[in-house]
Amino acid sequence: IVYALEKYLKESGDFDLLEERIPYVDEKQPDTVFGHACRAMVYLWKTRGAHGLCLLGCGDWLDSLNNAGVKGKGESVWLSIAFCYALREMEHIAQRIGQRAKAGAFSRRRAAMADIVNRRGWDGNWYLMAFSDEGVTIGSARNKDGGKMFLNPQSWAVLADVADPVRTRKAMEACEERLRFEIGYLCFAPMYSRYDESVGRISLWPSEGGSVYTHAATFKIAADCKLGEGDRAWETLRRIVPASGVVSVEVTSAEPMAIPNAYMGPQWPQPGATYQGLWTASADWVLQIMVEEMFGAKADYDGLVIAPCLPSAMTEARVERHFRGSVYDIRIAKPAGICRGEVRLRVDGRPIEGSVIAPDTRPGRHVVEAMVSALP
């Protein structure tokens with residue numbers, strides 16, 4: 001709820017939406033949209049397990065982790081990290097509508113949850129994925145069979161500002177060492193050797209079982225960009241997009257114009273193959289991550305932020321971005337050897353201060369020159 005709300009508000013600037021009143025599924029009394037989002041935050045805070053982490057239930061984002069929390073005790077480290085992301089954004093939203101008390105409460109709960117994640121969810125070199133109903137770790141180097149490391153908690157620890165710089169470096173380096181595959185990055189590794197009833201269908205499901213789930217790889221690209229790792233972001237993109245030349249149609253058997261939902265991992269009979277070509281929403285995620293994180297044309301509450309993170313060898317790039325009724329033709333120039341740097345902007349030939357283009361009072365078409373230089 002919060003991720004969608006944050007994206008909508010930044011893209012549209014339509015804060016009136018927060019005051020719209022709509023009912024709950026099981027309650028006749030309507031509430032505001034802001035109230036619905038607040039209720040979600042209360043639910044996640046109250047619905048926690050023995051480690052203080054959010055309950056897993058029948059699966060979190062990774063819905064094939066469907067048997068680890070069915071008894072009501074399993075906990076999700078990833079969901080707890082995503083909760084930190086949501087609390088951070090709710091704090092920002094609350095501040096902007098004058099709800100200072102709620103903003104303070106969101107901030108305090110975020111700090112408390114981040115502390116729990118770092119005390120209970122850190123495995124030494126990366127973040128765990130979950131605890132099962134029996135309290136057994138999932139995504140730990142100590143696991144005897146498969147599922148020793150998962151991709152999502154590492155990426156989201158960066159996106160949610162949960163990890164400190166030392167842990168960030170360790171976790172993302174572990175992704176390179178343990179999850180990198182010829183095509184993309186594995187959702188987790190290694191694959192389970194047999195069906196594990198305490199985990200669920202992830203221990204046998206081919207599209208997520210030790211395979212490349214494209215959607216998860218886009219989160220990694222976003223995390224790479226946030227860290228200024230433009231070369232890694234670009235290489236990850238090349239490993240999941242058929243047009244790059246890395247992903248071979250002869251191997252994948254997918255439509256050459258499609259970004260598949262998943263590619264089979266190294267322990268399957270046909271590594272790199274897919275049976276989910278057009279059955280996917282991953283193309284939307286690739287588009288969003290490319291435009292907002294790599295080319296850096298990202299909506300924010302106060303306007304359009306221009307903050308590219310590109311491969312070090314790339315010196316020019318261009319992207320067209322629609323934002324609040326206007327069209328921005330963004331032309332990026334940067335020296336070779338850097339991925340991210342200080343950005344100076346000219347809009348229709350006029351220099352502007354900072355890296356944020358304020359919403360256009362009279363929507364039209366604009367040429368944006370973004371000149372990137374090395375940080376001092």
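A polar contact here means a pair of N or O atoms within 3.5 Å, one able to donate a hydrogen and the other to accept it. Keep that cut-off in mind. One more thing before we start: this is a predicted model.

Let's begin with Ser76. Its side chain has a polar atom 2.8 Å from the backbone nitrogen of Leu79. The backbone nitrogen of Trp78 also has a polar atom of the Ser76 side chain at 3.4 Å. In that second pair, the Ser76 atom is a side-chain oxygen, and the pair sits at the start of helix H3.

Where does Ser76 itself sit? The place of Ser76 is in strand S3, residues 75–76. Is Ser76 buried or exposed? Buried means under 20% relative accessible area. Ser76 has 0%, so it counts as buried.

What is Ser76 in contact with, once we set aside neighbours within four places in sequence? There is a run of Leu53, Cys54, Leu55 and Leu56. Then come Asp60, Met129 and Ala130.

Now the helix. H3 covers residues 77–96, which is 20 residues. From first C-alpha to last, H3 reaches 29 Å. The expected span is 28 Å, at 1.5 Å a residue, and the model comes close to that.

How many of the 20 residues of H3 are buried? The count is 17, so H3 is largely enclosed by the rest of the structure. Just after H3 comes Gly98, with a positive phi of about 80 degrees.

Next, the cavities. The structure holds 2 of 30 Å³ or more.

Take the largest cavity. Its space is about 40 Å³. Which residues line the largest cavity? They are Lys7, Lys10, Glu11, Glu292, Lys298 and Ala299. Helix H1, residues 2–12, and strand S10, residues 297–300, each give at least two residues to this lining. H1 has the largest share, with 3 residues. By class, the lining of the largest cavity is 5 charged, 1 nonpolar and no polar.

Now the second largest cavity. Here the space is about 30 Å³. Four prolines and alanines to point out in its lining are Pro242, Ala254, Pro256 and Ala258, among others. Val247, Val249, Thr252 and Glu255 also line this cavity, as do Pro260 and Tyr263. The classes for the second largest cavity are 8 nonpolar, 1 polar and 1 charged.

So, to recap the two linings. The largest cavity has 5 charged residues and 1 nonpolar. The second largest has 8 nonpolar and 1 charged, plus 1 polar.

And back to the starting point: Ser76 is buried, and its side chain has a polar atom 2.8 Å from the backbone nitrogen of Leu79.

How values were computed
Residues are numbered from 1 along each chain as its sequence is written. This is a predicted model: local features need pLDDT of at least 70, side-chain atom pairs count only at pLDDT 80 or more; totals for chains, interfaces and linings use all residues. Side-chain values use heavy atoms; hydrogens and water are left out. Helices (H or I, at least four residues) and strands (E, at least two) are DSSP runs, numbered from the N terminus. The expected span of a helix is 1.5 Å times one less than its number of residues. Buried means under 20% relative accessible area, exposed over 50%, partly exposed in between (1.4 Å probe, protein chains only). Contact means heavy atoms within 4.5 Å. On a 1 Å grid over the protein atoms alone, a cavity is a set of points where a 1.4 Å probe fits but cannot get out, and a pocket is an open set with protein on both sides within 12 Å along at least five of seven lines; lining residues have an atom within 4 Å of a point. Grid points are joined across faces, edges and corners, and a volume is the space filled by probe spheres set on the points. Ala, Val, Leu, Ile, Met, Phe, Trp, Tyr, Cys and Pro count as nonpolar, Asp, Glu, Lys and Arg as charged, and the others, Gly among them, as polar.
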